[in-house]
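These are my notebook entries on one structure. I set down what I looked up, one topic at a time.

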Amino acid sequence: MGNLEISTGDMREVVRLLTAVERTPEQDEVLGLVRERCAGTDARFARQGIRLGVPVAMALEELLAGSPTADMEPGYRYAFQALVAENFSDPYDLGHWRRPSWFHTVDEELVHCGVPSDLAPAALLFAGPPVPLPHPGDALPSMGTFPAARAAELVGAYEAVLDRLDPEVRETTQVLLEPLRDAAEQWEWTQEAGRTEDTLFFWLG
């Protein structure tokens, strides 16, 4: 089970935070907020009785140092998501999904109807982080990225097959379409404004 979110931003800013040898005061300020977010996630897990092998706050510090101590641990993905959250737009909440594997069923039908496989939902949601991270060790949390410049292409591919989809698959596709339409419109504005928010970030956790 997991909650699905989509946000938009410049992934280069996140990567710079991870790789900078000497960070700027602005970067240090952002990292302070990220550390607070990670500590909050650890506190939430503690209240839920969840114990991670590497707490999220520790995972963040290890990522910043470039030296993860575990090969398989979800804390690193939660830490990376905290970095994204402080640099990207407020997330578009697509609700709670009881069976993440359902998206593979949606994939099969969309591809059968003619949607290119690289545009199918699972290819977006489960593609993994844009930088190397230790494996989470389970199905969740999951993440993926997609170029905002292709959001309109994605919308067009889904809309072209909507009337041929099974009702349940169509419902899921329409849920995804709403924020993707917004992302396509936002990309047009981003280009006109000369801004750099060129990445869609999908998080299921």
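**Notebook: a helix, a strand, the cysteines and a pocket**

I began with helix H5, and I note that the model is predicted.

*Entry on H5.* I looked up which residues of H5, spanning 102–112, are buried, and I found Trp102, Phe103, Val106, Asp107 and Leu110. These residues cover an arc of only 150° around the axis, which puts them on the same side of H5. I then turned to the face of H5 directed away from the buried side, where I found the exposed residues Glu108 and His112. Next I asked what covers the buried residues of H5. The cover includes two strands, E1 (2–9) and E2 (92–97), together with the helices H6 (121–125), H7 (151–161) and H8 (167–193). I also checked what follows the helix: Gly114 comes after H5 and has a positive phi, near 115°.

*Entry on E1.* Since E1 is part of the cover over H5, I examined this strand in its own right. I recorded six of its eight residues as buried, so E1 is largely enclosed by the rest of the structure. I then looked up its pairing. E1 pairs with E2 in the antiparallel sense, over four bridges. E1 and strand E4 (residues 199–204) also run antiparallel, and six bridges join them. I took Glu5 as a reference point for both pairings: Glu5 stands opposite Asp93 in E2, and opposite Trp203 in E4.

*Entry on cysteines.* How many disulfides does the model contain? Taking a cut-off of 2.5 Å between cysteine sulfur atoms, I arrived at a count of zero. I also looked up the burial of two cysteines, for which the limit is under 20% relative accessible area. Cys38 has 0% relative accessibility and therefore counts as buried. Cys113 has 12% relative accessibility, so Cys113 counts as buried as well.

*Entry on the largest pocket.* I noted a volume of about 290 Å³ for the largest pocket. Its lining comprises 14 residues, of which Thr41, Arg44, Tyr78, Gln81 and Trp203 are the closest to the centre. I then asked which elements give two or more residues to this lining, and found E1, helix H2 (25–47) and helix H4 (75–87). H2 gives the most, with four residues. I note that Trp203, listed here among the residues closest to the pocket centre, is also the residue in E4 that stands opposite Glu5.

How values were computed:
Residues numbered from 1 in each chain as written. Predicted model: local features only at pLDDT ≥ 70, side-chain atom pairs only at ≥ 80, totals over all residues. Heavy atoms only, no water. Buried < 20%, exposed > 50% of the residue type's maximum accessible area, 1.4 Å probe, protein only. Arc of directions from axis to C-beta. Contact = heavy atoms within 4.5 Å. Pairing = 2+ DSSP bridges. 1 Å grid on protein atoms, 1.4 Å probe; cavity = no way out; pocket = protein on both sides within 12 Å on 5 of 7 lines; lining within 4 Å. Points joined across faces, edges and corners; volume = space filled by probe spheres on them.
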